[in-house]
Amino acid sequence: MKKQGCRPDTSVFNSLINAHIRNSSNKEIALVKALKYFEYMKTTRHCKPNLVTYNTLLRACAQAKEHKRLEQLFEEMCQEGIKPDICTFNGIIDAHGKAGEFSAMVSMFRKMRKCKIKPDYMTYNSMIDAYGKAGLITEMEEALEDMATSKVKPQLSTLNSLINNYGAAKRVDLMELVVQNMSALGIHPSLITYEVLIKGYGNSGCFEKLRTCLEAMLDAGVMPETTTLNAVMEVYSNNGLFKEAENLLDNVAVMPTELTYLILYRGYLKHGRVDKIDALIERMNAAGIVPNDKFLMHSLEFATLDPKSRTSRDVAKDSSNNAKRVSMHLENSRTIPKSA
């Protein structure tokens, strides 16, 4: 552009900043590069940062967990006379919520109201999700009440978050109440709804209700996917229900993945059933699934856990041996004949 005599303007730099942030796997490095462009913009004519610039950088700070820098940028934005919009506030509220900075989250929510910007469902979703994941059920319900008072209609994502958080808190009654209210809101359960219900029932030890939930899902015409299979496998494996887990593998129409087998592997080690490892590897062979480095690293990590967090001290020793067995299998699976 410069060689052709084209002068970059604010929109060009916004595109550059956005490209770095969206396409970099390392969010910290992306933020550093983006901030260099930002500093250049501030000293260059026709390139002054605008609302889009700040909103993009605020999102980048949130992704990189640079919350102090996020606050500094917000203050700078206001000092420059750039009025924040709902995207600005939603991004900051979400960032503080994910970081567990609840007082800062509430403070930003109040600033939002002070600026006469009405919260939308995404605002409340962030707060409900943050409180729920932290186990702060009372605060989560207060955010839900505020949402109703503000006449903001909950979306499917809102209800799924509530179900997930109630399930984690073992409040099956409230989890089911949310599902009952779905039809009144004109919202139909999705695959994610059923998956969070499965996890909730499993977490609460309600295995019969879990099976009923699976039947209801199929009756509703919602087809299970690998994520559904893995959710059920997680419940069965964590609770030592290996007969049910193995029957599920034998009869399910969904194709298991490496993660499916890893979940079962962890369950065997957790409950001291190292005698089942060989059969598991044979299952993987039959399915044409070769354990890769990630599978091996997970198995080694699990094998070196503190024995006190497991069923017995002997399990740690046995699991370490089985990690070696998986390692040997991995190496054998990688052996390629010279003729190939």
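Helix α2 has six names on its buried list: Ala30, Leu31, Ala34, Leu35, Phe38 and Met41. They cover an arc of only 135° around the axis, so they sit on the same side of α2. Why can residues spread along a helix share a side? An α-helix has 3.6 residues a turn, so residues three or four places apart point the same way. All of this is read from a predicted model.

## Helix α2 and its cover

What lies over the buried residues of α2? The cover includes α1 (10–23), α3 (51–63) and α4. The length of α2 can be checked too. Its 16 residues should span 22 Å at 1.5 Å a residue, and the end C-alpha atoms are 22 Å apart, so the two values agree.

The start of α2 has a contact of its own. There, a side-chain oxygen of Asn26 comes to within 3.2 Å of the backbone nitrogen of Glu28.

## Helix α3

Helix α3 has 13 residues. From first C-alpha to last, α3 reaches 18 Å, close to the 18 Å expected at 1.5 Å a residue. Its buried residues are Thr53, Tyr54, Asn55, Thr56, Leu57, Leu58, Ala60 and Cys61. Among the elements covering them are α1, α2, α4 and α5 (86–98). Helix α2 is thus part of the cover of α3, and α3 is part of the cover of α2.

Look at both ends of α3. At its start, a side-chain oxygen of Asn50 reaches to within 3.2 Å of the backbone nitrogen of Val52. After α3 comes Lys65, with a positive phi near 60°.

## Salt bridges

How many salt bridges does a search of the whole structure find? The count is 14. Three of them are set out below.

| Pair | Closest N to O distance |
|---|---|
| Arg69 and Glu39 | 3.9 Å |
| Arg211 and Glu244 | 4.0 Å |
| Arg273 and Asp275 | 3.0 Å |

Take the bridge between Arg69 and Glu39. Arg69 lies in helix α4 (residues 67–79) and Glu39 in helix α2 (residues 27–42), so the pair ties together parts that are 30 residues apart in sequence. Arg69 has 21% relative accessibility, which makes it partly exposed. Glu39 is partly exposed as well, at 38%. Buried means under 20%, so Arg69, at 21%, falls outside that class.

This bridge does not stand alone. Glu39, Lys42, Arg69 and Glu76 are linked in a network of salt bridges.

Next comes the bridge between Arg211 and Glu244. This pair links distant parts of the chain, with Arg211 in helix α12 (residues 207–219) and Glu244 in helix α14 (residues 242–251), 33 residues apart. Arg211 is partly exposed, with a relative accessible area of 28%. Glu244 is also partly exposed, at 28%.

The side chains of Arg273 and Asp275 form another bridge. Is each partner buried, partly exposed or exposed? Arg273 is partly exposed, at 31%. Asp275 counts as exposed, at 52% relative accessibility. Exposed means over 50%, so Asp275 passes the cut-off.

## A buried polar residue

Where is Asn160 found? It is in helix α9 (residues 156–168). Its relative accessible area is 9%, so Asn160 is buried. Which residues does Asn160 touch, leaving aside neighbours within four places in sequence? They are Met182, Ser190, Ile192, Thr193 and Val196.

## The whole chain

Step back to the full model. The protein chain has 18 helices and zero strands. Of its 340 residues, 41% are buried. Take the contacts with a separation of 6 or more: residues 24 or more positions apart account for 63% of them.

An unreviewed UniProt entry adds an annotation. It marks "repeat: PPR" at residues 50–84, 85–119, 120–154, 190–224 and 257–291. Two of these spans can be described further. Residues 85–119 are 74% helix and 0% strand, and their end C-alpha atoms lie 10 Å apart. Residues 190–224 are also 74% helix and 0% strand, with end C-alpha atoms 11 Å apart.

Key:
Residues are numbered from 1 along each chain as its sequence is written. This is a predicted model: local features need pLDDT of at least 70, side-chain atom pairs count only at pLDDT 80 or more; totals for chains, interfaces and linings use all residues. Side-chain values use heavy atoms; hydrogens and water are left out. Helices (H or I, at least four residues) and strands (E, at least two) are DSSP runs, numbered from the N terminus. Buried means under 20% relative accessible area, exposed over 50%, partly exposed in between (1.4 Å probe, protein chains only). UniProt positions are given in the numbering used here, feature names are shortened, and annotations may be inferred rather than shown by experiment. The expected span of a helix is 1.5 Å times one less than its number of residues. The arc is that of the directions from the helix axis to the C-beta atoms. Contact means heavy atoms within 4.5 Å. A polar contact is a pair of N or O atoms within 3.5 Å; within protein, one must be able to donate a hydrogen and the other to accept it, and residues adjacent in sequence count only if both atoms are side-chain atoms.
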